[in-house]
Amino acid sequence: MSQFEINKQWQPSARPLNRQDFKTLVLSSLGGTLEFYDFVIYALYIDTIVKPLFLPHFLSPLTLDLFAWGIFAAGYLVRPVGGIIMAHFGDKVGRKRMFTLSVAMMALPTFIIGVLPTYDMIGIFAPLLLLVMRMLQGAAIGGEMPGAWVFIAEHVPKQRYGLGIGTLTSGITGGILLGFIVTIIIDLCFTTENILDYAWRIPFIIGGIFGVISVYLRRFLSETPIFKELAARKAIEKKIPVVTVLQKHKTACVIVALLTWSLSTAIMVGILITPGRIVGGMYHFANLDWRIGGCIAALTLTIGCIIFGWLEDKLGTSKTMLINWGGLAIMSIVFYSSLSPNMSLTKLYLIWAVFGLFIGSVAMTAIVGTRAFPPAIRYSGLSFSYNLAYALFSAFTPTLTIYLLSPEHLLGQYSYLGAGIYISFVALIAVGVGFYPLAKNGWLGDVNR
């Protein structure tokens, strides 16, 4: 039997979602939840914790911004290394083993961040240790999210492919929601002095403990049916999987890279940078107000991932991406142009909720990406292209966004719209990608899509 016939035959069969599917979805999303939880905690605490506690006080405000967001971005730079290594063994020895290892490797540095000494205690070693922990997290997460998407893609029935991956992605982005909720609770329960003294450590320690629990729970997952069949038929990739990816699947890599640019920008700018940096910093809303707004956007983002995953099963890829990414291109301009220091909280929260809903378009990156590669090298193909693109685009996105929001760039007086224009640009790229045959139909060329 040819490789194509194996891949065609062993796609998950058409059937309703069952109890085992839901169990797999929940347990698979835990590592990604931890990732986004940790990232949003760091991003929301950049101005209130990272800058005052981990960086030298004599630096200029712009330099503090660049260093703080640089440490944040450093976690992405090492993702390709971790992703390639874990995906290699995921394609060779099984999805489940690497899937469990990745979340274990995330839990330890997350916990250590929570007990790190500050700059006043050990000087320059404080930001250096924070940088190392962020890089360790990045190496671990390099295999986590692609692994989760592949795991679900090879478990759920084919007519629920979009819904399954969209639901998993919603669980992952639920970590953002959890992060906002925890920071709100910390703000309500502790004074500013208490937070700076010790309470800032609580969210990271909780994240580490949550990671350990996730490792234990993943013991109850089973290997994917597709990988079992590949192993039984001795159809596992003989070469180094990433070499095959580069030789035969360059177009798929480009598609995933472009969609990853859209995903990383929408999440980083729209969800992580906008609350504190723009709504709080530029429009001077109170800490609690912009945290609640960010929480609302994270909630609708999570809902949007499920809705657009379901819609993909009903309408197909091209129409769905025209609706969701096209809607985001419009809504990002509407949202940022509507912001005003004098706007009511009701109006702010309502328009923010709609904006967050369309950011749920990010689920399409995983839906298209997992379908673009054959099973034998799917983990490596998705991980390589996704992590490399994420490292590239996330490395310059914070700096570019800060620049676009400043009055010195070419947009001049429209600087407050800089973030919205950037998100609209990458959203339109995603719309265009959605009409490309490989993105629309997948590696198997399903003409019914």
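These legends go with a few close-up views of one chain.

**View 1. The whole chain, a predicted model built from helices.** Here we have 21 helices and zero strands (DSSP runs numbered from the N terminus: H or I of at least four residues for helices, E of at least two for strands). Of the 449 residues, 61% are buried, meaning under 20% relative accessible area with a 1.4 Å probe, protein chains only. Residues are numbered from 1 along the chain as its sequence is written, and side-chain values use heavy atoms, without hydrogens or water. Local features need pLDDT of at least 70 and side-chain atom pairs 80 or more, while totals for chains, interfaces and linings use all residues.

**View 2. The largest cavity and its lining.** A cavity is a set of points on a 1 Å grid, over the protein atoms alone, where a 1.4 Å probe fits but cannot get out; lining residues have an atom within 4 Å of a point. Look for Y42, I49, V50, F54, I113, L130, W200 and F204 around this one. Helix α3 (residues 46-54) gives the most to the lining, with three residues. The cavity's volume, the space filled by probe spheres set on the points (joined across faces, edges and corners), is about 50 Å³.

**View 3. H249 and the residues it touches.** You'll find H249 in the loop between α13 (241-248) and α14 (250-280). H249 counts as buried because its relative accessibility is 11%. Leaving aside residues up to four places away in sequence, H249 touches T244, F373, P374, I377 and W443 (contact means heavy atoms within 4.5 Å). H249 and F373 sit 124 residues apart in sequence, yet 7.4 Å apart in space, C-alpha to C-alpha.

Notes:
On a 1 Å grid over the protein atoms alone, a cavity is a set of points where a 1.4 Å probe fits but cannot get out, and a pocket is an open set with protein on both sides within 12 Å along at least five of seven lines; lining residues have an atom within 4 Å of a point. Buried means under 20% relative accessible area, exposed over 50%, partly exposed in between (1.4 Å probe, protein chains only).
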